[in-house]
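Visitor: I'd like a close look at a single part of this structure, please. Once we have seen it up close, take me from there into the rest of the chain.

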Amino acid sequence: MQQSKLQNEMDNKIGILYSTVDGQTLKISNELKDVLTQNGNTVEIYSIDDFDKEINSFDKFIIGSSIRYGKHNSKIIEFIKTHKDQFEKTKTAFFSVNLVARKSEKNTPETNPYFIKFIKEIDWKPYKAAVFAGKIDYKIYSFWDKLMIRLIMWMTKGPTNPDAEIEYTDWGKVKDFGLLIDNM
Ligand SMILES: Cc1cc2nc3c(=O)[nH]c(=O)nc-3n(C[C@H](O)[C@H](O)[C@H](O)COP(=O)(O)O)c2cc1C
């Protein structure tokens with residue numbers, strides 16, 4: 001735990017709301033939870049499918065979603081639109097998980113095309129934001145998904161080996177984001 005933190009700053013209640021299809025956004029959420037818990041916070045994680053709490057029951061709120069075929073989960077977008085006003089009171093962070101972010105020139109909120117488009121469309125500025133590279137695991141994809149992702153990877157000079165399982169997530173960057181949220 002950081003020695004410089006004041007006692008009353010230590011015990012924040014933090015909510016993490018995630019949308020995942022193959023588990024990578026949940027894995028990142030769990031890493032954020034570990035970092036924040038180690039720093040003295042109480043952290044609760046919820047799937048977008050079963051969140052039933054009030055946002056203002058949390059001191060800080062984190063929302064994470066992966067990209068599928070160019071879009072974040074529509075339920076996450078709807079959730080943000082509906083709760084935008086409450087985010088003024090509860091400091092909120094957002095992170096996006098996608099494969100374009102495996103490229104270093106497209107892995108920040110300022111340079112990732114999905115993040116830029118998303119923020120523009122939704123007209124919302126999270127207090128803190130991050131973009132993380134996700135994971136490819138061709139073996140678990142359906143026939144069409146595998147075909148499509150391999151095609152996209154071929155076009156963008158990524159891996160096309162049908163057995164490829166590659167985790168691009170930079171865990172150091174995830175940890176740093178956790179520390180940023182701890183201090184926000
Ligand atoms: C069907 C499918 C569609 C995807 N579409 C995109 C996409 O349009 N752009 C992109 O950068 N990544 C895309 N991805 C990559 C995912 O964002 C990446 O695998 C991420 O780790 C998934 O996170 P999740 O397991 O939390 O859903 C796609 C993956 C799948 C399986």
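Guide: Let's begin with one cut-off: a residue counts as exposed if 12 or fewer other C-beta atoms lie within 10 Å of its own, as buried if there are 20 or more, and as partly exposed in between. What you see is a predicted model, and the part to look at closely is the loop between strand 3 and strand 4, where Tyr69 is found. With 8 other C-beta atoms within 10 Å, Tyr69 is exposed. Its backbone deserves a look too: phi of Tyr69 is near 45°, a positive value in a residue that is not glycine. Most residues other than glycine have a negative phi.

Gly70 belongs to this loop as well, which leads on to strand 4 (71-72). Because Gly70 has 10 C-beta neighbours inside 10 Å, Gly70 also counts as exposed. To place the loop against the interior, take Phe132: 62 residues separate Gly70 and Phe132 along the chain, and their C-alpha atoms are 15 Å apart.

Phe132 is a good way inside. The largest nonpolar core has 36 residues, and Phe132 is among the six that touch the most other members, together with Ile16, Leu32, Ile62, Ile63 and Phe95. Many elements feed this core: strand 1 (13-19), helix 2, strand 3, helix 3 (74-83), strand 5, helix 4 (113-122), strand 6 (128-133) and helix 6 (171-182) each supply at least two residues. Strand 6 gives the largest share, five residues.

Ile16 shows what those contacts look like for one core member. Leaving aside residues up to four places away in sequence, Ile16 touches Ser29, Leu32, Lys33, Val43, Ile45, Ile62 and Gly64. From Ile16 you can step across to Thr92: the two are 76 residues apart along the chain, yet their C-alpha atoms are separated by 9.7 Å. Thr92 lies in strand 5, and because 27 other C-beta atoms lie within 10 Å, Thr92 is buried. With residues up to four places away again left out, its contacts are Phe61, Ile63, Phe87, Pro126 and Tyr127.

Strand 3, where our loop begins, also leads to the ligand. The shell around the ligand takes its largest share, three residues, from strand 3. At least two residues each come from helix 2 (24-38), strand 3 (60-68), strand 5 (91-98), strand 7 (135-137) and helix 5 (143-155). In total, 21 residues surround the ligand, and the closest are Thr20, Asp22, Thr25, Ser66 and Gly134. By class, the shell holds nine nonpolar, eight polar and four charged residues.

Where does the ligand sit with respect to domain 1 and domain 2? It lies between them, because both domains give residues to its shell. The domain assignment gives 7-134 + 169-182 as domain 1 and 136-168 as domain 2. Their C-alpha centres are 25 Å apart. Six residues of domain 1 and five of domain 2 make up the contact. On the domain 1 side, the touching residues divide into two nonpolar, two polar and two charged.

Past helix 5 there is a residue to set beside Tyr69. Lys157 is in the loop between helix 5 and strand 8 (165-167). Lys157 has a positive phi of about 60° although it is not a glycine. With 8 C-beta neighbours inside 10 Å, Lys157 counts as exposed.

Now step back to the whole chain. Its secondary structure comes to six helices and eight strands, and the elements run α-β-α-β-β-β-α-β-α-β-β-α-β-α from the N terminus on. The radius of gyration is 17 Å, close to the 16 Å that the globule rule gives for 184 residues, so the chain is as compact as a globular protein of that length. Along its principal axes, the C-alpha trace spans about 50 × 35 × 30 Å. Buried residues make up 31% of the 184 residues. Of the contacts between residues at least 6 apart in sequence, 76% join residues at least 24 apart.

Conventions:
Residues numbered from 1 in each chain as written. Predicted model: local features only at pLDDT ≥ 70, side-chain atom pairs only at ≥ 80, totals over all residues. Domains from an automatic or database assignment. Contact = placed C-beta atoms within 7 Å. Nonpolar A, V, L, I, M, F, W, Y, C, P; charged D, E, K, R; others polar. Near = placed C-beta within 6 Å. Helix = DSSP H or I, 4+ residues; strand = E, 2+ residues; numbered from the N terminus. Core = buried A, V, L, I, M, F, W, Y, C linked by C-beta atoms within 7 Å. Rg over C-alpha atoms; globule rule 2.2 N^0.38 Å.
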